[in-house]
Amino acid sequence: MAQRQLAATAAGPRSPVRAALTAVRVRYRLTPWWARVVAVFVLSRLVTTSLVLILASVQGPNPWTGASPDYFSFASMWDGRWYEIIASWGYPSELPVDAEGHIGENAWAFMPVYPLLVKMLMNVSGLPWAPAAVFISVAAALGTALLFYRIMIRVLDAGSALFAVALFCFAPLSPLMQFAYAESLYLFLLALALLLLMERRYALLFPVIAVMAVTRPSGLAFALALGLHVLHRWFTRSRDPFPVRELVVAASVALFSAVMGVAWLLAAAVATGDLMAYTDTELAWRSAYIGHQELLPFTPWFQSALWWIGPEHGPWLGPLVVILLVGGFTALMFTPAVRRLGVDLRLWIASYALYLLAVFFPQSSTFRLLMPLFPLLGALAVPRSRVYRASLLIVGVVLQWGWLLIGWGVDGRDWTPP
């Protein structure tokens, strides 16, 4: 009896705690999914904003701001200035040319939807460029988080889907989602397009792709993903019926995406009278590394590897590294965790990766260009260990600080643009 009383006495003080924990669990289960996503997003922005403000406080004078700039000035550096130029003055009808006759860096490298949307908000609200640009980016980032949950809940359980959203919100490059960059808006449109694809609502993809393709370069990659989706549905139609009407609409939207993939190139050509205006403008950014060269598909990664590793290590080491990266990524796509994401998401991931391999020259902005691969975060969200999940979030925050230091903060003649 004494032992029972002692046990009851010892358990007594813990009862209110247990009751409180039970109440929290019940309230959490009753909380709608969107409120959970918003809570995760807000918490992540508090952490990220704190890191940005710390770095801004020690930022020295640079081409865009004075020393210790305020948040909005700091958030609109780098390519944010190009978007501001587009919003204020539009695109040049004459391309800048250097002494050797090569086209230099200019606004045609940046697509119009984001700066025009910010300009519209400025006209309606009276806000200056930087706050308006940050507002659009943050709103689009929140929208992406909500859509990402709806994507993940189709392939994962609710807890893992929410953790995938947390990984997205605390990812190393998540500060970019509250800067004056088009990435947030593009990721929102991409998430919407992927969700529509998974739900097979093909007709609704037409307007989404039309806007997405002139927000960030994506039309060709998404066209490839759609084409592969059509082929997959055709060859599996015996167990997953593919009515003729759906086939026609899906094939049409794939063709439309391909057309939109070259629409901005044609717009630049018409406006400037130079058919190669857009591609030559893009090549101007890599000329600082390898000089002015023609764009040959599937060569930029090998060129970059030779530049980064250096010929002194032998002409074979750079290409070998690229081949190993391609092989490793291919193997990753067939791992159980990635296969769990489903066919449609894997088709997008593979298509976009192939697009980057074909045209992108890897340098300091490589990590930013990898952001559209965010569905892969779902593969990391499957394990349920609390230690594992907490560790991933901590690593994400630490890498945020590392990316901010290396990519965003300006140190003298900085050659590592984000």
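Angles under 35 degrees between helix axes count as roughly parallel. Keep that cut-off in mind for the opening stop of this tour, and remember as you click that you are looking at a predicted model.

**Stop 1: helices α8 and α21**

Select residues 158–169, which form helix α8, together with residues 386–408, which form helix α21. Their axes lie 9 Å apart, and the angle between them is about 15°. With an angle under 35 degrees, α8 and α21 are therefore roughly parallel to each other. If you turn the view to look through one helix at the other, the crossing you see is right-handed.

Now show side chains where the two helices meet. On the α8 side, pick Gly159, Ser160, Phe163, Ala166, Leu167 and Cys169. On the α21 side, pick Arg389, Leu392, Leu393 and Gln400. Colour this set by class and you should find 6 nonpolar, 3 polar and 1 charged residues in the contact of α8 with α21.

**Stop 2: Ser160, within α8**

Stay where you are and centre on Ser160, which belongs to helix α8. Is Ser160 buried or exposed? Its relative accessibility is 2%, so Ser160 counts as buried. Which residues does Ser160 touch, once those up to four places away in sequence are set aside? They are Ala381, Val382 and Arg389. Arg389 is already on your screen, as one of the α21 residues in the helix contact. For Ala381, draw a distance from its backbone oxygen to the side chain of Ser160: a polar atom there lies 3.4 Å away.

**Stop 3: Gln400, within α21**

Slide along to Gln400, in helix α21. Gln400 has a relative accessibility of 0% and therefore counts as buried. To see what surrounds this residue, leave out its neighbours within four places in sequence and select its contacts: Thr48, Leu51, Cys169, Phe170, Ala171, Pro172, Ser174 and Pro175. Cys169 is a familiar name here, being one of the α8 residues that meet α21.

**Stop 4: Trp64 and its surroundings**

Next, go to Trp64, in the loop between α3 (33–57) and α4 (71–75). At 24% relative accessibility, this tryptophan counts as partly exposed. Apart from neighbours within four places in sequence, Trp64 is in contact with Met77, Trp78, Arg81 and Val410. For a sense of scale, draw a line from the C-alpha atom of Trp64 to that of Phe374. These two residues are 310 residues apart along the chain, and their C-alpha atoms are separated by 30 Å.

From Trp64, step across to one of its contacts, Trp78. Trp78 sits in the loop between α4 and α5 (79–89). With a relative accessible area of 10%, Trp78 is buried. Check its backbone too: phi is near 55°, a positive value in a residue other than glycine.

**Stop 5: helices α5 and α6**

Follow the chain into α5, residues 79–89, and add helix α6, residues 113–125. How do these two helices cross? Their axes come within 9 Å, at an angle of roughly 60°, which means that α5 is oblique to α6. The crossing is right-handed.

Show Tyr83, Ile86 and Ala87 from α5, then Tyr114, Pro115 and Lys119 from α6, to see where the helices meet. The contact of α5 with α6 has 5 nonpolar residues, no polar ones and 1 charged.

**Stop 6: helices α9 and α10**

For the last helix pair, select residues 183–198 for α9 and residues 205–212 for α10. They pack at an angle of about 155°, with their axes 10 Å apart. That angle makes α9 roughly antiparallel to α10, and the crossing is left-handed.

Display Tyr186, Leu189, Leu190, Leu192, Ala193, Leu196 and Leu197 on α9. Opposite them, display Leu205, Val208, Val211 and Met212 on α10. What classes of residue make up the contact of α9 with α10? The count is 11 nonpolar, no polar and no charged residues.

Finish in the loop between α9 and α10, where you will find Arg200. Arg200 has a relative accessible area of 33% and so is partly exposed. Its phi is near 60°, another positive value in a residue other than glycine.

Note on methods:
Residues numbered from 1 in each chain as written. Predicted model: local features only at pLDDT ≥ 70, side-chain atom pairs only at ≥ 80, totals over all residues. Heavy atoms only, no water. Axes fitted to C-alpha atoms, helices over the stretch in contact; angles between N-to-C directions. Helix = DSSP H or I, 4+ residues; strand = E, 2+ residues; numbered from the N terminus. Parallel < 35°, antiparallel > 145°, perpendicular 65-115°, else oblique. Left-handed = near helix turned anticlockwise from the far one by under 90°. Contact = heavy atoms within 4.5 Å. Nonpolar A, V, L, I, M, F, W, Y, C, P; charged D, E, K, R; others polar. Buried < 20%, exposed > 50% of the residue type's maximum accessible area, 1.4 Å probe, protein only. Polar contact = N/O pair within 3.5 Å; in protein donor to acceptor, adjacent residues only side chain to side chain.
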